Amino acid sequence: MSYELEACPSRLFELHSVSQQYVRGNATLCALDTIDFTLDHGDTCAIVGASGSGKSTLLNILGLLERPIRGSARFVGNDIVAASANDLAAWRNRHIGFIFQAFNLLPRLSALDNVALPLAYRNVRRKSARALALAQLQAVGLADRAEHRPADLSGGQRQRVAIARALVGQPSLILADEPTGNLDPCCANEILELFLALNREQGATLVMVTHDANLAARFERKVEVAQGRVYERVGHVAV
Ligand SMILES: Nc1ncnc2c1ncn2[C@@H]1O[C@H](COP(=O)(O)OP(=O)(O)OP(=O)(O)O)[C@@H](O)[C@H]1O
Ligand SMILES: [Mg+2]
């Protein structure tokens with residue numbers, strides 16, 4: 001199977017009757033309960049909902065990090081339930097930029113090398129990878145912290161490194177789990193403008209979990225997750 005996905009007129013993502021469960025000891029917890037969700041190329045979609053409702057679980061499935069235990073899930077027509085772990089990893093690296101709620105930076109690497117990492121996995125030469133990584137750090141206002149390790153950065157700065165790492169490979173799908181949660185309002189707005197510009201100018205699809213109603217209002221679609229179910233909302237949403 002090719003990792004270059006065909007430019008495809010069909011849906012970017014299609015989830016049908018998808019459920020996700022986690023087993024803890026004797027208890028089974030249903031994190032997503034028989035949901036339908038679709039994403040078209042170029043959508044901007046805010047995901048809102050209470051803590052523990054299933055937002056990150058949904059994002060992990062869209063990010064090809066988890067396979068649902070029930071239902072069908074297709075990424076540009078490819079069945080992700082049946083796909084191999086290698087295929088999922090390659091599609092993820094090539095097409096998806098994921099900003100984790102907990103950043104997931106590698107502590108031993110500098111900010112610059114953390115940002116360059118996805119390019120190393122694509123076999124981009126080190127010198128070019130570092131140049132692209134520096135440009136991306138500049139775009140999030142952190143070029144002067146390139147050689148710092150994560151431990152020597154503030155929470156908001158770590159978050160911006162994680163954002164730069166997600167964007168450096170020019171992903172067509174950007175998935176962001178509360179990417180601006182640790183940022184001051186001005187910086188959060190700048191990051192949002194950066195995402196929206198990538199949508200406008202390069203057609204990137206955006207899905208972002210947020211607790212901020214003002215940020216959610218800037219997205220075309222608002223999807224609420226409540227107790228493992230998803231609801232498409234229109235207009236203003238209370239978050
Ligand atoms: N790996 C896991 N093992 C067991 N339970 C899990 C796991 N991941 C999530 N859960 C549970 O699934 C439910 C949904 O979790 P999820 O992380 O998707 O919520 P969330 O909406 O992202 O919450 P928050 O806003 O606090 O980040 C929660 O009850 C959570 O405890
Ligand atoms: Mg979460």
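# Labels and the numbers behind them

Trainee: What makes T34 count as partly exposed?

Mentor: T34 has a relative accessibility of 38%. Buried would need under 20% and exposed over 50%, so 38% leaves T34 as partly exposed. This is a predicted model. T34 is located in strand 2.

Trainee: Which residues does T34 touch, leaving out those up to four places away in sequence?

Mentor: T34 touches S17, V18, S19 and R229. A197, by contrast, is 163 residues from T34 in sequence and 34 Å away in space, taken C-alpha to C-alpha.

Trainee: Why are helix 5 and helix 6 called roughly parallel?

Mentor: The axes of helix 5 (residues 155–167) and helix 6 (residues 185–202) come within 12 Å and cross at roughly 5°. The cut-off for roughly parallel is under 35 degrees, and the two helices therefore earn that description. On the helix 5 side, R160, I163 and L167 make the contact, and on the helix 6 side C187, I191, L194, F195 and L198.

Trainee: How do the residues of the contact of helix 5 with helix 6 divide?

Mentor: They comprise 7 nonpolar residues, no polar ones and 1 charged. Arg counts as charged, so R160 is the charged residue of that contact.

Trainee: How many aromatic pairs does a search of the whole structure find?

Mentor: The search finds 3. One of them is F13 with F75, at 5.4 Å centre to centre and 40° between the planes.

Trainee: What makes the pair of F13 and F75 tilted?

Mentor: Centres within 6.5 Å are needed for a pair, and 5.4 Å passes. Stacked needs planes under 30 degrees apart and edge-to-face over 60, so 40° is tilted. F13 belongs to strand 1 (residues 13–24) and F75 to strand 4 (residues 70–75), and the pair links parts of the chain 62 residues apart. F13 and F75 are both buried.

Trainee: How do you know that F98 and F100 form a tilted pair?

Mentor: The centres of F98 and F100 are 4.5 Å apart and the planes differ by 35°. The distance is within 6.5 Å and the angle falls between 30 and 60 degrees, so the pair is tilted.

Trainee: Why is F98 called buried, and why is F100 called partly exposed?

Mentor: F98 has a relative accessible area of 10%, under the 20% cut-off, so F98 is buried. F100 has 23%, which is over 20% and under 50%, so F100 is partly exposed.

Trainee: Which residues do ring pairs link into a cluster?

Mentor: The cluster is made of F13, F75 and W91.

Trainee: What makes strand 6 and strand 10 edges of their sheet?

Mentor: The sheet is open, with 6 strands in the order 6-7-8-3-9-10 and mixed pairing. Strand 6 (96–99) and strand 10 (229–233) each have a single partner strand, so each has one side without a neighbour in the sheet. From one strand to the next the twist averages 15°.

Trainee: How do you know that strand 3 and strand 8 pair?

Mentor: Pairing needs at least two bridges, and strand 3 (residues 44–48) and strand 8 (residues 205–209) are joined by 4, running parallel. C45 is opposite V207 of strand 8. Helix 1 (residues 55–62) packs on this sheet, and its direction makes about 155° with that of strand 7. Helix 5 also packs on the sheet, touching strand 6 and strand 7, at about 170° to strand 6.

Trainee: What is the order of the sheet of 4 strands?

Mentor: The order is 2-1-4-5, in an open sheet with antiparallel pairing. Its edges are strand 2 (27–39) and strand 5 (78–79), each paired on one side only. Strand 1 and strand 4 are antiparallel partners over 5 bridges, and L15 has A73 of strand 4 as its bridge partner. Helix 1 lies across strand 1 and strand 2, at about 120° to strand 1.

Trainee: What makes helix 3 mostly covered?

Mentor: In helix 3 (residues 111–121), 8 of the 11 residues are buried, including L112, V115 and L119. The buried residues pack against helix 2 (85–95), helix 4 (126–139) and helix 5. Just after helix 3, N123 takes a positive phi of about 65°.

Definitions and conventions: Residues numbered from 1 in each chain as written. Chains lettered and ligands numbered in written order. Predicted model: local features only at pLDDT ≥ 70, side-chain atom pairs only at ≥ 80, totals over all residues. Heavy atoms only, no water. Axes fitted to C-alpha atoms, helices over the stretch in contact; angles between N-to-C directions. Parallel < 35°, antiparallel > 145°, perpendicular 65-115°, else oblique. Contact = heavy atoms within 4.5 Å. Phe/Tyr/Trp six-rings, centres within 6.5 Å; stacked < 30°, edge-to-face > 60°. Buried < 20%, exposed > 50% of the residue type's maximum accessible area, 1.4 Å probe, protein only.
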